[in-house]
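Please open the model in your viewer and keep the sequence beside it. The stops below follow one another, so select each part as it is named.

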Amino acid sequence: MKHLRKIELADWQREIVAKYPEQLLRGLFHSDGCRFVNWASKPDGRRYYYVRYMFSNESEDIIGILTDALDLLGISWRRPRHNAIAVSRKEGVAALDAFVGPKS
């Protein structure tokens, strides 16, 4: 199965990602991610809304490449499901908004 094969960056690719992590993240979010408005409930039952980025992929290697790039930029992320990464904090979303942009 495609998602089970080993995917890793060569040394020369790691060097490029270290210099330009924004471009890698932009490509990954445009291919397997999305930006949307999520909602949650407060203890009193009222809803509040916030923008969130989600990335989903079955490959652990690709998820690792994504999270390494997010870590490189200091963008907080969490893993709500085994195959998904979420960026929900205001400062992380603002950072991604600066270079991910709308899908074309």
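Begin by selecting residues 33-41, which are strand S1, and residues 47-56, which are strand S2: these two pair in the antiparallel sense over 9 bridges. Strands pair here if DSSP finds at least two bridges between them, while helices (H or I, at least four residues) and strands (E, at least two) are DSSP runs, numbered from the N terminus. This is a predicted model, in which local features need pLDDT of at least 70 and side-chain atom pairs count only at pLDDT 80 or more, whereas totals for chains, interfaces and linings use all residues. Residues are numbered from 1 along each chain as its sequence is written, and side-chain values use heavy atoms, with hydrogens and water left out.

Within this pair, Asn-38 stands opposite Tyr-50 in S2. S1 and S2 form a hairpin with 5 residues between them, and in the turn you can select Gly-45, which has a positive phi of about 95°.

Next, add residues 84-87, strand S4, which runs antiparallel to S2 and is joined to it by 4 bridges; here Met-54 stands opposite Ala-86 in S4.

Now show the aromatic side chains, where the structure holds 3 aromatic pairs (rings of Phe, Tyr and Trp, the last by its six-membered ring, with centres within 6.5 Å; planes under 30 degrees apart count as stacked, over 60 as edge-to-face and the rest as tilted). The ring centres of Phe-29 and Phe-55 are 6.0 Å apart and their planes lie at 75°, so this pair is edge-to-face. The pair links distant parts of the chain, since Phe-29 belongs to helix H2 (residues 21-32) and Phe-55 to strand S2, 26 residues apart. Finally, add Tyr-53, which forms one aromatic cluster with Phe-29 and Phe-55.
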